Amino acid sequence: MEKSKELLDEKAIQRALTRISHEIIEKNKGVEDILLIGIKTRGIPLAERIARKIYEVENVKVPVGVLDITFYRDDLKHKSVQPIVHNTDVKYHVDDKIVILVDDVIYTGRTARAAIDAVIDMGRPKYIQLAVLIDRGHRELPIRPDFVGKNIPTSKEEIVRVLLEETDNNNLVLIEKN
Ligand SMILES: O=P(O)(O)OC[C@H]1O[C@H](OP(=O)(O)OP(=O)(O)O)[C@H](O)[C@@H]1O
Ligand SMILES: O=c1cc[nH]c(=O)[nH]1
């Protein structure tokens with residue numbers, strides 16, 4: 001039977017995103033030349049929420065782009081090793097930009113790596129940074145996010161589910177064990 005435990009509620013998610021937004025501003029000494037890129041699915045609403053928070057603080061509208069990256073798989077336990085970047089025809093002007101990739105969960109790091117590759121294929125950004133709501137560990141590549149909402153130690157058997165109002169009509173982070 002699947003057991004589910006709540007890790008973050010709506011307020012905790014929003015607090016984490018507020019902190020990440022402030023850290024982005026601080027690390028980059030403002031928000032000039034920043035391009036946020038949300039990784040589908042839930043990285044997109046997270047990037048939009050961060051953009052809204054940055055606007056509240058800095059009064060600057062930072063652009064938000066989208067990357068569609070998925071694994072060919074039946075479920076999370078049967079991922080193939082290669083994530084696939086789908087919208088390769090969508091190109092952003094990344095030259096000299098600070099590109100901040102945004103995703104809900106980082107696990108093996110393979111999605112982040114595919115996103116980094118996709119951005120590098122588009123041009124020559126000044127920096128690429130990575131923001132995630134949840135870092136659940138178990139990296140298979142030397143990739144570490146610059147901005148983390150919450151580090152959650154997990155076993156490989158567990159699954160972290162991020163639910164957002166925009167995609168799931170709910171705001172919760174759950175950990176599930178089969
Ligand atoms: O670090 P990794 O091992 O690559 O795992 C992290 C990725 O897995 C999840 O995406 P998923 O493939 O479940 O797609 P979804 O977000 O569209 O549900 C999550 O949203 C990250 O993009
Ligand atoms: O547990 C996991 C692992 C990868 N991606 C998720 O969204 N959850």
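The shell around ligand 1 is evenly divided by class, with 5 nonpolar, 5 polar and 5 charged residues. The structure is a predicted model, and what follows moves from this ligand shell to the sheet, to the helices that pack on the sheet, and to the contact between helices H1 and H2. An open sheet of 5 strands, paired in the parallel sense, carries the order E3-E2-E6-E7-E8, and strand E6 also gives the most to the shell around ligand 1, with 4 residues.

**Ligand 1 and the annotated motif**

- Ligand 1 is surrounded by 15 residues, of which the closest are Thr-41, Tyr-107, Thr-108, Arg-110 and Thr-111.
- Strand E4 (69-71), strand E6 and helix H3 each supply at least two residues of this shell, and E6, with its 4 residues, gives the most.
- An unreviewed UniProt entry places the feature "short sequence motif: PRPP-binding" at residues 99-111; over that stretch the chain is 62% strand and 15% helix, and the C-alpha atoms at its two ends are 16 Å apart.

**The parallel sheet**

- In the sheet order E3-E2-E6-E7-E8, the edge positions are taken by strand E3 (64-67) and strand E8 (147-151), each of which pairs on one side only.
- From one strand to the next, the twist of the sheet averages 25°.
- Strand E6 (residues 98-106) pairs with strand E7 (residues 127-135) in the parallel sense over 8 bridges, and within this pairing Val-99 has Ile-128 of E7 as its bridge partner.

**Helices on the sheet**

- Helix H2 (residues 43-58) lies across strands E2 (34-39), E3, E6 and E7, and runs at about 150° to E2.
- Helix H3 (residues 110-122) likewise packs on the sheet, where it touches E2, E3, E6 and E7, and its direction makes about 160° with that of E6.

**The contact between H1 and H2**

- Two packed helices are described by the angle between their axes and the distance between the axes.
- For helix H1 (residues 10-27) and H2, the axes come within 9 Å and cross at roughly 65°, and the crossing in which H1 passes H2 is right-handed.
- On the H1 side the contact is made by Leu-17, Thr-18, Ile-20, Ser-21, His-22, Ile-24 and Ile-25, while H2 contributes Leu-46, Arg-49, Ile-50, Lys-53, Ile-54, Val-57 and Glu-58.
- Sorted by class, this contact of H1 with H2 has 8 nonpolar, 3 polar and 3 charged residues.

Technical notes. Residues numbered from 1 in each chain as written. Chains lettered and ligands numbered in written order. Predicted model: local features only at pLDDT ≥ 70, side-chain atom pairs only at ≥ 80, totals over all residues. Pairing = 2+ DSSP bridges. Axes fitted to C-alpha atoms, helices over the stretch in contact; angles between N-to-C directions. Contact = placed C-beta atoms within 7 Å. UniProt positions renumbered as here; feature names shortened; annotations may be inferred. Left-handed = near helix turned anticlockwise from the far one by under 90°. Nonpolar A, V, L, I, M, F, W, Y, C, P; charged D, E, K, R; others polar. Near = placed C-beta within 6 Å.
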